[in-house]
Amino acid sequence: MRSTLVRQFGDPEQVIELVDAPRIDPAAGEVEIEIALAAINPSDLIPVTGAYRARTELPFVPGFEGVGTVSRIGPGVRHFKSGDRVIPIGASGLWQQFLVRPTEWCFRVPDDISDSQAAMSYVNPLTALRLIEDLRRHFGSLQGRSVAVTAAGSAIGGMLIKLIGREGAVPTAILRSDKSRGRFEAGQRVMVTEGSSLPPERIFDAVLDAVGGPLAGDLIRRAISPGGILVQYGALSNVPVPQSAIAARPDVRFAFLWLRNYVHSAGRGSLEAAFARCFTGLRDGLFASPVAATYPLSRLADALAHQADPHRDGKILIDPRC
């Protein structure tokens with residue numbers, strides 16, 4: 001079958017190989033899924049660089065998010081049948097034609113959700129929901145709170161801006177340049193940074209950060225009110241948040257959201273409820289994401305190059321069937 005493989009850490013465009021892999025029979029309690037579409041996310045590429053090498057075992061098949069159809073069923077499986085559309089989660093491996101997963105990690109897709117939207121219904125929507133829940137736990141109510149979102153021009157950034165507004169809070173989009181300003185409605189609060197430099201314009205109750213590095217450190221030091229919080233959920237800068245900044249503000253809580261930790265501790269019932277909320281958000285447009293392009297797996301190099309394009313407007317999807 002068509003597949004990908006990472007044998008060594010490095011630049012994703014250099015070290016992710018296209019390979020012909022053996023097709024594995026599903027064991028008891030497992031199903032085989034033919035992957036229809038898989039998404040490319042920063043969370044797929046960062047482990048390839050070796051940033052998480054302490055918890056990433058080589059070799060591995062990348063890809064955490066996508067949708068497919070049950071193609072074969074292992075012994076003892078009763079709740080799935082061939083042809084069921086599912087989202088497999090819990091481990092990487094979706095950048096290949098067929099994937100075998102335990103049924104406990106597979107979630108049915110409603111008929112009214114398209115493959116393209118289903119392929120993007122996990123990582124960003126579920127992360128966004130968890131981030132808002134973190135803020136609720138910290139503050140109780142978000143009504144009237146001022147919440148900033150870094151890298152707000154991204155797909156998840158747009159989701160967070162909408163969710164924050166629905167909570168009665170006041171969102172501010174923090175952007176690296178004016179190029180993404182057009183994605184926001186007139187009257188939306190927008191702050192443009194100069195590289196990693198933060199203009200001293202506003203003080204926030206909370207920041208949801210996907211960047212890390214000096215920008216996050218600057219936000220902690222001088223842009224968050226006492227009693228506030230910064231939740232980091234990504235590291236697009238590939239630089240940790242300076243510990244000196246965290247230590248300098250004991251009156252500001254610093255937290256890190258790693259979706260994997262939640263997924264592996266939540267339990268089946270909680271995850272089913274979370275996916276139901278994600279599907280509802282897709283239907284009403286809250287979690288809908290534009291697709292910039294869909295590439296066959298055979299053109300993975302082109303897909304990765306497009307993913308790296310700073311002018312890309314939308315998600316990149318991969319079709320492992322071709």
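**Exercise 1. Work out how strand β8 sits among its neighbours.**

Let's start with one side: β8 and strand β11 (residues 204-209) run parallel and pair over 3 bridges. Pairing here takes at least two DSSP bridges between the strands, while strands (E, at least two residues) and helices (H or I, at least four residues) are DSSP runs, numbered from the N terminus. A quick word on the source: this is a predicted model, where local features need pLDDT of at least 70 and side-chain atom pairs count only at pLDDT 80 or more, though totals for chains, interfaces and linings use all residues. Residues are numbered from 1 along each chain as its sequence is written, and side-chain values use heavy atoms, with hydrogens and water left out.

Step 1. Find a residue pair across the β8-β11 boundary: Val 147 is opposite Ala 206 in β11.

Step 2. Turn to the other partner. With strand β9 (residues 170-175), β8 pairs in the parallel sense over 5 bridges, and Val 149 faces Ala 173 in β9.

Step 3. Follow the chain from β8 to β9. Together with helix α5 (residues 155-166), these two strands make a right-handed β-α-β unit; right-handed means that, with the strands pointing away from the viewer, the path from the first strand over the helix to the second runs clockwise.

Step 4. Check the burial. In β8 (residues 146-150), 5 of the 5 residues are buried, so the strand is largely enclosed by the rest of the structure. Buried means under 20% relative accessible area, exposed means over 50%, and partly exposed is in between (1.4 Å probe, protein chains only). Ser 146, Ala 148 and Thr 150 point one way, Val 147 and Val 149 the other, and all are buried.

**Exercise 2. Put the strands of the open sheet in order, then add the helices.**

Step 1. Write down the order: the open sheet has 6 strands, β10-β9-β8-β11-β12-β13, with parallel pairing.

Step 2. Look at the edges. β10 (189-192) and β13 (253-256) each have a single partner strand, so one side of each is left without a neighbour in the sheet.

Step 3. Add the twist, which averages 20° from one strand to the next. Angles run from 0 to 180 degrees between N-to-C directions, using axes fitted to C-alpha atoms, for helices over the stretch in contact.

Step 4. Zoom in on one end. Strand β12 (residues 224-232) runs parallel to β13, joined by 4 bridges, and Leu 230 sits opposite Phe 254 in β13.

Step 5. Lay on the helices. α4 lies across β8, β11, β12 and β13, at about 155° to β12. Helix α6 (residues 213-222) also packs on the sheet, touching β8, β9, β11, β12 and β13, and makes about 160° with the direction of β12. Contact means heavy atoms within 4.5 Å.

**Exercise 3. Describe the nonpolar cores.**

Step 1. Take the largest one. It has 57 residues, and those with the most contacts inside it are Ile 89, Tyr 122, Leu 126, Leu 135, Leu 160, Leu 208 and Val 263. A nonpolar core is a set of buried Ala, Val, Leu, Ile, Met, Phe, Trp, Tyr and Cys residues joined through side-chain atoms within 4.5 Å.

Step 2. See what feeds it: helix α4 (residues 123-139) gives the largest share, 8 residues.

Step 3. Pick one member. Beyond its neighbours within four places in sequence, Ile 89 touches residues including Trp 105, Tyr 122, Val 263 and Phe 275.

Step 4. Note the separate core of 27 residues, among them Val 48, Phe 60, Cys 106 and Leu 297.

**Exercise 4. Trace a salt-bridge network.**

Step 1. Get the total: there are 18 salt bridges in the structure. Each one is a side-chain nitrogen of Lys or Arg within 4 Å of a carboxyl oxygen of Asp or Glu.

Step 2. Start with Glu 32 and Arg 23, whose side chains meet at 2.7 Å, N to O. Glu 32 is buried at 1% relative accessibility, whereas Arg 23 is partly exposed at 43%.

Step 3. Add Arg 72 and Asp 25, another salt bridge at 2.7 Å, N to O. Arg 72 is in strand β4 (residues 66-73) and Asp 25 in the loop between β2 (16-20) and β3 (30-39), so this pair ties together parts 47 residues apart in sequence. Arg 72 is partly exposed at 26%, and Asp 25 is exposed at 55%.

Step 4. Bring in Asp 302 and Arg 299, which form a salt bridge at 2.9 Å, N to O.

Step 5. Join what shares partners: Arg 23, Asp 25, Glu 32 and Arg 72 form one network.
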